[in-house]
Amino acid sequence: MEGLFETLVGYMDPNDNQNEAACEAAYLEVFGEDYPDDVANLKCPLHSSDRLFRTEDNDPLTLEHCQDLCYDTQFCDYFSLGLSGTYQGVCIGCTSNAVLENQG
């Protein structure tokens, strides 16, 4: 993976939530493979050198801020963001070498 998209597909029209087909087409064009549909609840492994950062529980980030943090962090190619509960807004970044694990 060559890093993150500079602009999320659909970002210019954030009220259009019916753009899944466009997202899948853009992913296929950039990476040459179908968009994975089994990425929910995955994160960089705990205590792994492939995990580059984890933000604090009490300092929630938005999706855009988490993406920016990864983009600005050398070697960060993936990020995950907590969406609810105790970990809402927690951002974790990792290298392209990371073998993602289930949040479980």
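Counted along the chain, the bonded cysteines of this protein pair up in the pattern 1-6, 2-5, 3-4. The structure you are looking at is a predicted model, and a search through the whole of it turns up three disulfides. Here they are side by side.

| Disulfide | S to S distance | Angle about the S-S bond | Handedness |
|---|---|---|---|
| Cys44 and Cys94 | 2.2 Å | -80 degrees | left-handed |
| Cys66 and Cys91 | 1.9 Å | 80 degrees | right-handed |
| Cys70 and Cys76 | 2.0 Å | -100 degrees | left-handed |

**Cys44 and Cys94**

Let us begin with the link of Cys44 and Cys94, whose sulfur atoms are 2.2 Å apart. Which parts of the chain does this pair tie together? Cys44 sits in the loop between β1 (42-43) and β2 (51-54), while Cys94 belongs to strand β4 (residues 91-94), so the disulfide connects parts that are 50 residues apart in sequence. Both ends of this link, Cys44 and Cys94, are buried.

**Cys66 and Cys91**

Next comes the disulfide of Cys66 and Cys91, which is right-handed, with 80 degrees about the S-S bond. This pair also links distant parts of the chain: Cys66 is found in helix α2 (residues 63-71) and Cys91 in strand β4, 25 residues apart. Are these two cysteines buried or exposed? Cys66 is buried, with a relative accessible area of 0%, and Cys91 is likewise buried, again with a relative accessible area of 0%.

It is worth having a look around Cys66 in the model. Leaving aside residues up to four places away in sequence, Cys66 touches Leu61, Phe79, Ser80, Leu81 and Cys91. One of these neighbours, Leu81, is 15 residues from Cys66 in sequence, and their C-alpha atoms are 7.2 Å apart in space.

**Cys70 and Cys76**

The remaining link joins Cys70 to Cys76, with 2.0 Å from S to S. It is left-handed, with -100 degrees about the S-S bond. Cys70 and Cys76 are both buried.

**The buried side of helix α2**

Two of the cysteines already met return here. Cys66, Gln67 and Cys70 are buried in α2. Why do they lie on the same side of α2? They cover an arc of only 100 degrees around the axis, and therefore share one side of the helix. As for packing partners, the buried residues of α2 pack against β2, β3 (78-81) and β4.

**Arg51, a buried charge**

Finally, turn to strand β2, where Arg51 lies. How does this buried residue stand with respect to salt bridges? Arg51 has none: the nearest side chain of opposite charge, that of Glu101, is 5.0 Å away, whereas a salt bridge needs a side-chain nitrogen within 4 Å of a carboxyl oxygen. There is, however, a polar atom of the Arg51 side chain that lies 2.8 Å from the backbone oxygen of Cys44.

The surroundings of Arg51 lead back to the disulfide of Cys44 and Cys94. Not counting residues up to four places away in sequence, Arg51 touches Lys43, Cys44, Pro45, Leu46, Ile92, Gly93 and Cys94. Both cysteines of that left-handed link are thus included among the contacts of Arg51.

Key:
Residues numbered from 1 in each chain as written. Predicted model: local features only at pLDDT ≥ 70, side-chain atom pairs only at ≥ 80, totals over all residues. Heavy atoms only, no water. Disulfide = S-S within 2.5 Å. Helix = DSSP H or I, 4+ residues; strand = E, 2+ residues; numbered from the N terminus. Buried < 20%, exposed > 50% of the residue type's maximum accessible area, 1.4 Å probe, protein only. Arc of directions from axis to C-beta. Contact = heavy atoms within 4.5 Å. Lys, Arg positive; Asp, Glu negative; His and termini not counted. Polar contact = N/O pair within 3.5 Å; in protein donor to acceptor, adjacent residues only side chain to side chain.
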